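Let's take a walk through a protein together, one stop at a time. Keep the picture beside you and look for each part as we come to it.

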Amino acid sequence: MTSMSGTPFVCPPPSLSTLSVDGTDARFPVRRVYCVGRNYAAHAVEMGHDPDQEPPFFFQKNPDNLIADATHFPYPKASKDVHHEVELLVALQTGGDDIAVENAFECVFGYGVALDMTRRDLQGQMKQMGRPWEVGKAFEMSAPAGPLVPSTQIGHPSAGEIWLKVNDDMRQSGDLNQMLWKTSEVISILSGLFTLQPGDVILTGTPAGVGPVVRGDRLHAHVEGVGDLQITVT
Ligand code: MN
């Protein structure tokens, strides 16, 4: 038995996943991690889909898949084709059901830079068989993330460069204004499918140029007005 606050647990209780907040010691507690698929037209095309025909769709990673203030990404097991996907992360401080687009930004605490690391070979096999994407997406350490910047400081970025360099070579380059479904629309649509709550995090999709990483690669992710994330693949 493990005891915490007098409550007996039959095994050690999981620790809370948290993200750092720029300029403060306070932490952002993470409840869920939602991800948007194919939210930039050029990336949808490179994955073999027609961006004009598809409504947004979602999958989840686990809160403990996040690496806060990541400096490295350990190459995962069971894959030989792990891809980088740079994304704008949105952190919610309130939630609700059926949130109107015009009220969606009221839920947002702030923004960050994150990577949706993907075991592309496993994801591809699952796609082919019409099976869920978990093994391709929701693995250990699959979501390196930088510190959050509160929206009170930067507003709600809807345009600006989003890019990723591997060993100083530009691999992904896009603009937040290319998101097919805008942040406020993503929040609204998600809230029609799930009850959003404080601590929920959304990875809003990746621009074109996804590709494989190998051990030793240095990844530099950037979102204009939000920040940078620099990690080494180990
Ligand atoms: Mn992604």
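We begin at the metal site, where the donors of the manganese ion follow the spacing E-x1-E-x28-D along the chain. A donor here is an N, O or S atom within 2.8 Å of the metal (3.2 Å for Na, K and Ca), and because water is not among the atoms, sites may look incomplete. The residues that coordinate the manganese ion are Glu85 (OE), Glu87 (OE) and Asp116 (OD), at 2.0 to 2.1 Å. Before going further, please note that this is a predicted model, in which local features need pLDDT of at least 70 and side-chain atom pairs count only at pLDDT 80 or more, while totals for chains, interfaces and linings use all residues. Residues are numbered from 1 along each chain as its sequence is written, and side-chain values use heavy atoms, with hydrogens and water left out.

Are the two glutamates buried or exposed? Glu85 is buried, with a relative accessible area of 4%, and Glu87 is buried too, at 0%. The word "buried" means under 20% relative accessible area, "exposed" means over 50%, and "partly exposed" lies in between (1.4 Å probe, protein chains only).

Glu87 also leads us to strand 10 (86-92). Helices (H or I, at least four residues) and strands (E, at least two) are DSSP runs, numbered from the N terminus. In a regular strand the side chains alternate between the two faces of the sheet. In strand 10, both faces are covered: Val86, Leu88, Val90 and Leu92 are buried on one side, and Glu87, Leu89 and Ala91 are buried on the other. That makes seven of its seven residues buried.

Which strands pair with strand 10? Two strands pair if DSSP finds at least two bridges between them. Strand 10 runs antiparallel to strand 11, and seven bridges join them; here Leu92 stands opposite Val108. Strand 10 also pairs with strand 17, again in the antiparallel sense, over three bridges, and there Ala91 stands opposite Val201.

Now find helix 5 (residues 183-191). Seven of its nine residues are buried, so the helix is largely enclosed by the rest of the structure. Those buried residues include Val186, Ile187 and Leu190. They pack against strand 5 (33-37), strand 6 (57-61), strand 10, strand 11 (108-115) and strand 17 (201-203).

Helix 5 and strand 10 meet again in the largest nonpolar core, to which each supplies at least two residues. A nonpolar core is a set of buried Ala, Val, Leu, Ile, Met, Phe, Trp, Tyr and Cys residues joined through side-chain atoms within 4.5 Å. This one has 40 residues, and those with the most contacts inside it are Leu92, Leu115, Met117, Ile187, Ile202 and Leu219. Apart from it lies another core, of 17 residues, among them Phe59, Leu66, Leu89 and Ala114. A contact means heavy atoms within 4.5 Å. Leaving out residues up to four places away in sequence, Leu92 touches several partners, including Phe28, Val108, Ile187 and Ile202.

Next comes an open sheet of five strands, in the order 8-20-19-15-16, with mixed pairing. Strand 8 (72-73) and strand 16 (169-175) stand at the edges; each has a single partner strand, so one side of each is left without a neighbour in the sheet. Within the sheet, strand 19 (residues 218-223) and strand 20 (residues 227-233) run antiparallel and are joined by six bridges. His220 stands opposite Gln230 in strand 20.

Just before strand 8, look at the loop that links it to strand 7 (66-68), where Asp69 lies. Asp69 is partly exposed, at 35% relative accessibility. Its C-alpha atom is separated by 5.9 Å from that of Ala145, although the two residues are 76 apart along the chain.

Finally, step back to view the whole chain, which has five helices and 20 strands. Of its 234 residues, 49% count as buried. Among contacts with a separation of 6 or more, 74% come from residues 24 or more positions apart. Along its principal axes, the C-alpha trace spans about 55 × 45 × 40 Å.
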